[in-house]
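Colleague: I am new to this structure and would love a close look at one part of it. Could you pick a single spot and walk me through it, with some of the surroundings as well?

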Amino acid sequence: MILETAWLLPCYGLLGAGITLPWSLRLVRRSGPRPAAYLNILMTVLALVHSCWLLTSIWGEPAQQVEFSWFQAFDLNLVFSFDISTISVGASILIATMSLISQVYGLGSLETDWAIARFCALIGFFEAAITGIAFSDSLFFSYALLEMLTLSTYLLVGFWYAQPLVVTAARDAFWTKRVGDLFLLMGVVALSNLTGSLNFSDLKEWAANPQTIAYFSEHQQFGTLLGLALIAGPLGKCAQFPLHLWLDEAMEGPNPASILRNSVVVGAGAYVLIKFQPVLSLFPVAAEVSVIIGAITAIGASLVAIAQIDLKRALSHSTSGYLGLVFIAVGMQQPDLALGLLFSHGISKSLLFLSSGAVMMTTMTQDLTEMGGLKTRMPATLVAFIVGSLSLVALLPFGGFWTLLRWEETFWNSDPWLIAIALLVNCITAFGLIRIFALVFLGPTQQKTRRAPEVAWQVALPLVGLTIITLLVPILLPSWEFINIDLDTVDIWGTTILSASGLLGFGVGAYIYIKPYYSTVSSVAMPPKLVRSAWKVVQDLLAYDLYVQAIYKYTVVLIVGGGSKLLAWVDRYLVDGSVNFLGFASIFSGESLKYTVTGRLQQYVLTILIGLILIGFAAFYGLN
């Protein structure tokens, strides 16, 4: 019975979104919007309980498939296939937990917003799409659910649609994802013609078939294009270069939605990519491109993050960096390592966004230059931010350490340059987090932090709960077989190098951002200089996202915009002009001829006769 009702799990969020419609559409006003939030939270709790019940029932059992025939006509058979395994149910638990935390947090941060009912409906829609992706064993339905995710992202980013910057961010997020989705759709259509089945389990068997391997050995160019099309969709969903700018702009939406977006939403695209991994192994060029793009994004986004003065944008760029490591793991055919990275990063980054959101809610700003001195005013938020930072950076005994330690063990002998990338990302991330810590919690209080209180219970409750979950990640990772933690076989050198990279980032960040606060030169602690330093050129390069947006403006946008203007000119003056000229010529000739009409039959016959004579002469000389 539990297996047969597993298909209900994505329906809880969808049902919650439907229940809240009377309040979202303002059909019910007397009670206010809060009952909609309570009903949606109830549905999320039911989804969480059902997921935990299902996990206890299938623990230790092999993966099972449940199929429903959705549409059948002639030789077309679309089957809704559910993959019920420890990983998919665990992902469902993670999604329901993050959604519950976001909604409870939203009660505190959006309690004065009359659109909170609409927010809860969109979160339910979000939850349904991501849960469906976690369970879907069908590429066709996974693509459809990714489109639902794109739509819900657009609606949540544009939640405060009265602000022009919000509208621009929502539009950019939507269209940037659509670029990758278009190529992914091409890959889906091509695969359906080649395999006859779009289930991931069938695609795995198809990819292992010797005939399939021989076919793509002969048609390498086609295989390369197909592989690139398949990674294009997850490329946009995971905010990877060159489709990475949307996640930065998406921070204009409500912060409770940012918690979901930076933990499980971007992970949904990577989750589909991990399911693609057996197929991608057929296309070496596509796998190499995945590794190269992941490496560029991991290093570039991590560097950009340390130069942002917007708190949410600094954390969002770090998300793109860690998803770059996931792309590298998939390209190197290490799906378990990629899942471990997704899990540990998702929980750590959720805690960082939750604690940062608490700071922004009490200070009414997300500008780092306007913060400071909150360590004594917000102690619970301070502890949560420290735990999230230590868990994200590879330091013992937190979850991020064990996933990156497995990274080292995996690539130590084969690809040591990948270890260098992970160490560099770890060091830069540690530097960025200590920078945020110093600017937010240390130093003198400023105008907007002078009276900042600790958060209310609606935010403190999920904050404490998620802190406990983050501390339990080292226990959860081996239980779900993402990594194998054995203290007796831990590589001492690998542990030392990994810990040293994090400590180096913390040390350099502390020297630059913490030391000036406790300088003995002046009796008054002064904040560090954020801008106008000797490295202004480098600062501007990183602060403006490596000028990627400007490069787009003068390359892609210029070419597309110039081509559109050229086509518009051709259409207006050449195509429409020629048609209009023929019409004008017809009208002019007709108007001119009417003045030559005399009404005499003899003149008409003479004219016809002269015309026939001229035609005859022309034909005669033409034949000669």
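Modeller: Happy to; I will take the second largest cavity as our part, and then look at a helix and a few backbone details elsewhere.

Please keep in mind that this is a predicted model. For orientation, the protein holds 25 helices and two strands, and its C-alpha atoms fill a box of roughly 115 × 65 × 60 Å along the principal axes. Of the 624 residues, 52% are buried. Among contacts with a separation of 6 or more, 80% are between residues 24 or more positions apart.

Now to the cavity. Rolling a probe the size of a water molecule over the atoms shows where empty space is left. Searching the whole structure in this way turns up six cavities of 30 Å³ or more, and the second largest has a volume of about 90 Å³. Which residues line the second largest cavity? They are S302, A305, I306, A314, L315, S318, I428, T429, G432, L433 and I436. Three helices, α13 (284-305), α14 (311-331) and α18 (416-441), each give at least two residues to this lining. The largest share belongs to α18, with five residues. By character, the lining has seven nonpolar residues, four polar ones and no charged ones.

One of those helices leads us on to a backbone detail. Most residues other than glycine have a negative phi, and most peptide bonds are trans. In the loop between α14 and α15 (335-363) sits Q333, which is not a glycine and yet has a positive phi, near 60 degrees. With a relative accessibility of 44%, Q333 counts as partly exposed. After α15 comes a second case: M364, in the loop between α15 and α16, is not a glycine either and has a positive phi of about 60 degrees. M364 is exposed, because its relative accessible area is 67%.

There are cis peptide bonds to look at too. One joins L396 and P397, with omega about -5 degrees, and P397 belongs to the loop between α16 (379-392) and α17 (399-411). Another joins F241 and P242, where omega is about 5 degrees; P242 lies in the loop between α10 (220-237) and α11 (245-249).

For a helix, try α6 (residues 139-157). Its 19 residues should span 27 Å at 1.5 Å a residue, and the end C-alpha atoms are 26 Å apart, so the two values agree. At the start of α6, S138 brings a side-chain oxygen to within 3.4 Å of the backbone nitrogen of F140. The buried residues of α6 include L145, L146, L149, S152, T153 and L156. An α-helix has 3.6 residues a turn, so residues three or four places apart point the same way. M148 is also in α6, but M148 counts as partly exposed because its relative accessibility is 23%. Beyond its neighbours within four places in sequence, M148 is in contact with F125 and A129. The C-alpha atoms of M148 and F126 are 7.9 Å apart, although 22 residues separate the two along the chain.

Let us finish with T97, in helix α4 (residues 86-109). Is T97 buried or exposed? Its relative accessibility is 16%, so T97 counts as buried. Residues up to four places away in sequence aside, T97 touches L48 and I469.

Definitions and conventions
Residues are numbered from 1 along each chain as its sequence is written. This is a predicted model: local features need pLDDT of at least 70, side-chain atom pairs count only at pLDDT 80 or more; totals for chains, interfaces and linings use all residues. Side-chain values use heavy atoms; hydrogens and water are left out. Helices (H or I, at least four residues) and strands (E, at least two) are DSSP runs, numbered from the N terminus. Buried means under 20% relative accessible area, exposed over 50%, partly exposed in between (1.4 Å probe, protein chains only). Contact means heavy atoms within 4.5 Å. The expected span of a helix is 1.5 Å times one less than its number of residues. A polar contact is a pair of N or O atoms within 3.5 Å; within protein, one must be able to donate a hydrogen and the other to accept it, and residues adjacent in sequence count only if both atoms are side-chain atoms. On a 1 Å grid over the protein atoms alone, a cavity is a set of points where a 1.4 Å probe fits but cannot get out, and a pocket is an open set with protein on both sides within 12 Å along at least five of seven lines; lining residues have an atom within 4 Å of a point. Grid points are joined across faces, edges and corners, and a volume is the space filled by probe spheres set on the points. Ala, Val, Leu, Ile, Met, Phe, Trp, Tyr, Cys and Pro count as nonpolar, Asp, Glu, Lys and Arg as charged, and the others, Gly among them, as polar.
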